[in-house]
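Colleague: I am new to this model and would like a close look at one part of it. Could you start from a single ring and take me outward from there?

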Amino acid sequence: MTKKRQRVVHTANNAAAATTSTSSSRRVSSTAAVIIDSATSDKTLSHASQNPPSLPPPPSSAAAKSAFNDSASADVVLRLFVEPSPFDSSSDLESPSAAADSEVVLYLHSDVLRRCKYFAALLSDRWRNDDLDAGDSDQDRDGESADDLIRINLGVPPTIESGITVLELLYTGDFSNTINSASVALDLLPVALELLFEECVRSCVRFLEAVPWTEEEEVRVMNIIPLLGGEESKELLARVSPGKNHSCEEMLHGLIVSAIHSHPNMAFVKAFVAKLLRDFSSKESAKRVLERAFEASLKVVKESLEEYSSPDFRGDHNETEAIQRLNLHTAMTNGKHLLWLVERMIELKVADAAVMEWSENASFTSDLQRAFRDDAWRNIVPGLPAVMLRCTYKLANAVAAGSILAARQVRKKLVKDWLPVLIVCKDYVSPLSPSNKLLYLDLEETFLRIISTLPMSDAQELLQQCLSFSTRDVEDCPHLVTAFNTWFRRAAHPPQADRLD
């Protein structure tokens, strides 16, 4: 951002220092300077009034008669140059040749220049010294007095080309064809702001509001917004400023909900949202969003299984059956959502709250056991047991691997509440598919690993419930054999009473 300072106007007696004091009340100038050079002109300015004149309507007829940079008819000679900002290294003039290329002399017309407020104030009769007699000077340019010329030095950012273009627009008013890219609008806008050329400012802002920006252009927009009025910058600010707190989290949550509920091409959308979550800058925000979605889906699954396990039989049989089917389908659909959310949380290592929530579900696991002992689910949602156990396995495996550092009571309850569900699935969910067999074995081994982390008394209680794991030959269940051998080896250790006290 260039440092802003007031415009400086010099005359022979510095009489015009307040030329733009009122006009610039609406905008604060940046680094441009305007100089009326009285050494070569008999036209000087005086403190005749502190109020600039009202802006006349656009002199379209005058502009039609006056040609841009026409030395034959001009009454203003304007030296245009780039005034580099000390805060913008790209605008520094590095050599004398660069300085020479960064200025140009233009022949302009005061009646056209008055289309912008700055020149309207600067060239007003109220600011002129009427005591000067210009009629005694030598004649030049086809009889016109050379002393009739007003000579102005004008420094503008960021380039000579942008300054020339803005001055040309005073003549043509062809904003729609001139402002044809965001880059052009951003080049012209600082000059238009300096000259209080309101029509050009509005055209540049309106164009910027309507077109896409590159990342570099967005930075320039952000830098220029403070120079605009509140109403002018409203749309630009709305585009780059969050409307409320936690808007990123709301956006992420909306994407997750859309991915798991609404979008027809769910697999690809889920993969895309998963990548956004991995790349998101704030891990805490991603954690909060995933936890929110997890709790919502888990609540739906729990309520559906509760209604299925304790149905209301007040309706007729067909109605009750339809409701039961709907409950199972709802549980199955949201169970799949849960599995995807659990995988994302484990991937980002933010599944601590999910493990705690999963371990505090004694009533939910009881409903699952009742449902799986029934036969109704088999033809409706045959994959429901696998989905529930897969969620359990993902969380339990993260705990056993140390990815989630769960407290002892959480580890104990996780096994205690979900071990009966695994046992019921092994007993009632048949025939076993190869994938289910592998899932059961993986979950058995994971539970046994967690049990090995518990105090001896807790491990003793839970291991006795694991005997159903030995459904094959003894030689074919090494994980169960290892778990019991570990417990007995520890039980054979001499008591360490003094250390336990």
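Which residue lies over the face of tryptophan 213, and at what distance from the ring centre?

Modeller: Happy to help. The residue is arginine 239, which lies over the face of tryptophan 213 at 3.6 Å from the ring centre. A charge sits over a ring when NZ of Lys or CZ of Arg is within 6 Å of the ring centre and within 35 degrees of the ring normal.

Some ground rules will help. This is a predicted model, in which local features need pLDDT of at least 70 and side-chain atom pairs count only at pLDDT 80 or more, while totals for chains, interfaces and linings use all residues. Residues are numbered from 1 along each chain as its sequence is written, and side-chain values use heavy atoms, with hydrogens and water left out.

Now for the wider setting. The chain holds 22 helices and six strands; helices (H or I, at least four residues) and strands (E, at least two) are DSSP runs, numbered from the N terminus. Of the 501 residues, 44% are buried, where buried means under 20% relative accessible area, exposed over 50% and partly exposed in between, using a 1.4 Å probe and protein chains only. Among contacts with a separation of 6 or more, 80% join residues 24 or more positions apart; a contact means heavy atoms within 4.5 Å.

Next, helix H7 (residues 182-194). Its 13 residues reach 19 Å from first C-alpha to last, close to the 18 Å expected at 1.5 Å a residue; the expected span is 1.5 Å times one less than the number of residues. H7 has a kink of about 30° at leucine 188, shortly before proline 190. The bend at a residue is the angle between axes fitted to the seven residues ending there and the seven starting there. Because ten of its 13 residues are buried, H7 is largely enclosed by the rest of the structure. Leu188 and Pro190 are both among those buried residues. Their cover includes strand E6 and helices H5 (160-172), H8 (198-210) and H9 (215-224). After H7 comes leucine 196, in the loop between H7 and H8. Leucine 196 has a positive phi near 55°, although it is a residue other than glycine, and it counts as buried at 2% relative accessibility.

One of the elements covering H7, strand E6, leads on to the strands. Six of the seven residues of E6 (residues 150-156) are buried, so the strand is largely enclosed by the rest of the structure. The same holds for strand E2, with six of its seven residues buried. E2 (residues 76-82) and E6 run parallel, paired over seven bridges; two strands pair if DSSP finds at least two bridges between them. Within this pairing, arginine 79 is matched with asparagine 153, and valine 82 with valine 156. E2 also pairs with strand E3 (residues 103-108), this time in the antiparallel sense over six bridges, and there arginine 79 stands opposite valine 105. In the loop between E6 and H5 sits proline 158, joined to proline 157 by a cis peptide bond with omega of about -10°.

Rings come back further along the chain. The chain has nine aromatic pairs. Rings of Phe, Tyr and Trp (its six-membered ring) pair if their centres lie within 6.5 Å; planes under 30 degrees apart count as stacked, over 60 as edge-to-face and the rest as tilted. Phenylalanine 364 and tryptophan 418 have ring centres 5.9 Å apart and planes at 80°, so they form an edge-to-face pair. Phenylalanine 364 is in helix H16 (residues 362-373) and tryptophan 418 in helix H18 (residues 408-428), so the pair ties together parts that are 54 residues apart in sequence. Both are buried: phenylalanine 364 at 1% relative accessibility and tryptophan 418 at 0%. They belong to one aromatic cluster with Phe294 and Trp358.

H18 also holds lysine 412, which is buried with a relative accessible area of 15%. Beyond residues up to four places away in sequence, lysine 412 touches Leu454, Asp458, Glu461 and Leu462. For a contrast, look at lysine 349, in the loop between helix H14 (317-347) and helix H15 (352-359): at 55% relative accessibility, it counts as exposed.
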